[in-house]
Amino acid sequence: MSAEETHGSAEVAARVERRWATIAVIIIVMMALLAAFAGIHRATMPQPRVETIDPSRLHLSGEFVESNLGSVLEANGNVTVRAIGQQYSFTPACILVPNDTPITLRATSADVVHGILIQGTNVNTMLVPGYISEQPMRFAKAGDYLMPCQEFCSFGHEGMWGKVKVIDKTEFAGRAKGGGRLSCVGQ
Amino acid sequence: MLVNRKLILAHFWLAFAVFGIALALGAWQMFIRSPIGIWLSNPELYYRSLTAHGTVMGYVFPTLVAMGFGYAISESALQQRLVGVRWAWAGFWLIVAGSVMAVIPIALGRASVLYTFYPPLIGNVFYYVGVVLVVVGSWIWVALMSVNLRVWRKANPGAPVPLAMFANVAGSYLWAWTAVGAALELLLQIIPVAAGLKSTIDAGLARVFFSWTLHAIVYFWLMPTYIAYYTIVPRAIGGRVYSDSMARISFILFLVVAMPIGMHHTFADPQVGAGFKFIHSAFTALVALPTLLTVFTICASVEIAARLRGGRGMFGWIRALPWDNPMMLALAFSFVMLGFGGAGGLINMSYQLDASIHNTQWITGHFHLIFGGAIVIMYFAIAYDLWPHLTGRELIDLRLIRTQLWLWFVGMIVTTFPWHWVGILGMPRRMAYFDFGDPAIAPQALSVTLSAIGGFILLASGIMFIVILARGMRAPQADAGPYQFALAVHQPATVPVALNTHGLWVALMIALTLTNYGYPILTLALSEGTSVPAVYVGAQ
Ligand SMILES: [Cu+2]
């Protein structure tokens, strides 16, 4: 190869390389834009606030005392579900919710790190002791869903399977009339 | 010029021995959690085994490979005897001591916290101290790589640092800095609690510290693989590196952007606000860039080899590649797995898509495809390539080597594809067994069984690999000549300072980490009342 040819091929190589780098950058910018669009337009952003709570006092007072766990129909028609994860179960073990209704899940852990995952949905959050997890959910259809703990929480982890029962919203409204906390434990 | 062959061989042999053990444990785990092995279910043994598998595969095995390969690169690329051989042996023995110290409590069931530690679950203190010793041992290697490069620079002022060494040192700096996250978590948080000096721990903060390590560590595992792509493969198949500067840019990009993105592991965590999650998600997109550049440069380098061998046409050259060359085979398999694994990674990177697969078996599938697949298959290739130079004997089992690589590839696909599938169905990870009698879980039984079969294919491949290397130690002597790295099409006579030194990039890496982690860590560390009681493993 003459010196001139070497020089020419180096230029070609550099040009091709630059083109590829440009394409790569465009791909990445597009991906980031798509993610931003989905996040802003569809309002699917992570939990914005960091809330803390003392796990050793959960059972004594405050939002997560036993009598306050389960589902409640709020005045505006939305539903709030409160739940606790502990080795090796969820309380309540079966969550009862209406279909076609905006639901807020508020949950925390009483001991180690657990996770809540509702199979067949995008509901998926970590329960870290000391912090409250908040997750919006909405179920289109009535039905039963499995809700395993998705984070290793020691030797009994594989036995930590909760349930979610989604019922028709009018039936739920009927049951919620008394204003109490609902769950489907034992049903 | 490989003088300290014993040192390098010691690292590789220890790496592959612990790899073999961890591989057997992995196959056993997949067997007992599948419907075919259900009668053996014992969660306690399962999580012990899982902790050992993860600790070895995550920390000990790749670190030893990077170190052994790093010493080999330092001697052969710089053409200079390794400086600090005694220190290198000290680092090696620290890793041996640390591994033994960690494995005893694991075997006794006193440290079943898996390799990501999971506070406030706390295991035996010796487990954590053992892991720290492994890291300290590897930091000696980091320092030695830096010292050796410095000595060489002094002797060759202004000369371009050989690409392999440039990348090797970048990888060592990446490791030094990424290990700091877990080191802080261990030293400031976990070890005081494990030693009984404290009884509470901030689990949220620990998860943030760990995410600092957990993502970039993957790029540390990846470094030897990428070094092999650029500096071994083109030479082994008779080609040239398409672009020396593109290679340097890729390694620099890994150094800078692999670090400040780990919080995408905490998308579903309550202790990190939305803002930093978004920033880390966007930065994660950036880290795809060096891989895209690499795929291009390596494909182009391979094409050069094919055309030199008479390959013609738009795609016809692919047929002209030396497909019977193990290095070519390993590269092709590695790229296919990197492609699938990378596509999965892009899904994990997005907060919206991640929600559907977070902490499911999908994640296990994803990182086994990337690490166990794309990365480890190149570790095999590196060992095969280096072995004749380390032993002074020829590796003659080419057919066996090809079979081994094929088995690994097939085994990885059979293992990980079903995992991705059940992950989409919402199967959680790290389960000792499943109740396949439950009608909602029963349909996943087939996928779990397939994965278990894949696990045994992988085990068979792993055993073959070790046998091939062991036989290579006793083969007839043959001089393999000096160990050489691939040349670039346009081998640079000079390289801009920015592409020949690491200082600027290390500074950028540290600055970006501090901006992306500083605020969340500070706010968590300063907030009151977020520490929770430790839960000791095995305590009644
Ligand atoms: Cu749990």
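At what angle do helix H11 and helix H14 of chain B pack, and how far apart are their axes? In this predicted model, helix H11, which covers residues 326–349 of chain B, packs against helix H14, residues 398–424 of chain B, at an angle of about 10°, and their axes lie 9 Å apart. Two packed helices are described by exactly this pair of values, the angle between their axes and the distance between the axes. Since angles under 35 degrees count as roughly parallel, H11(B) and H14(B) are therefore roughly parallel to each other.

The residues that bring these helices into contact can be followed along each of them. From H11(B) come B:Pro326, B:Leu329, B:Ala330, B:Phe333, B:Val336, B:Met337 and B:Phe340, and the residues they meet in H14(B) include B:Leu398, B:Ile401, B:Arg402, B:Trp406 and B:Phe417. Sorted by class, the contact of H11(B) with H14(B) holds 15 nonpolar residues and one charged residue, with no polar ones.

Chain A offers a sheet to look at next. Three strands form an open sheet in the order E5-E11-E10, and their pairing is mixed. Strand E5 (94–98) and strand E10 (143–148) of chain A stand at the edges, each with a single partner strand, so one side of each has no neighbour in the sheet. On average, and with direction ignored, neighbouring strands of this sheet are turned by 25° against each other.

Strands of a sheet pair through backbone hydrogen bonds, either parallel or antiparallel. E5(A) pairs in the parallel sense with strand E11, residues 161–167 of chain A, over five bridges; along this pairing, A:Cys94 has A:Lys163 in E11(A) as its bridge partner, and A:Ile95 stands opposite A:Val164 in E11(A). E10(A) and E11(A), by contrast, run antiparallel and are joined by six bridges, and here the bridge partner of A:Asp144 in E11(A) is A:Lys165.

The last stop is the copper ion, whose protein donors are A:His114 through ND1, A:Cys149 and A:Cys153 through SG, and A:Met160 through SD, lying 2.1 to 2.4 Å from the ion. In sequence, these donor residues of the copper ion follow the spacing H-x34-C-x3-C-x6-M. Why is the arrangement around the copper ion tetrahedral? The four donor atoms subtend angles of 100 to 118° around the copper ion, and four donors count as tetrahedral if all angles lie between 85 and 135 degrees, which makes this arrangement tetrahedral.

Note on methods. Residues numbered from 1 in each chain as written. Chains lettered and ligands numbered in written order. Predicted model: local features only at pLDDT ≥ 70, side-chain atom pairs only at ≥ 80, totals over all residues. Heavy atoms only, no water. Axes fitted to C-alpha atoms, helices over the stretch in contact; angles between N-to-C directions. Helix = DSSP H or I, 4+ residues; strand = E, 2+ residues; numbered from the N terminus. Parallel < 35°, antiparallel > 145°, perpendicular 65-115°, else oblique. Contact = heavy atoms within 4.5 Å. Nonpolar A, V, L, I, M, F, W, Y, C, P; charged D, E, K, R; others polar. Pairing = 2+ DSSP bridges. Donors = N, O, S within 2.8 Å, 3.2 Å for Na, K, Ca; no water. Tetrahedral: all angles 85-135°; square planar, octahedral: opposite > 155°, others 65-115°.
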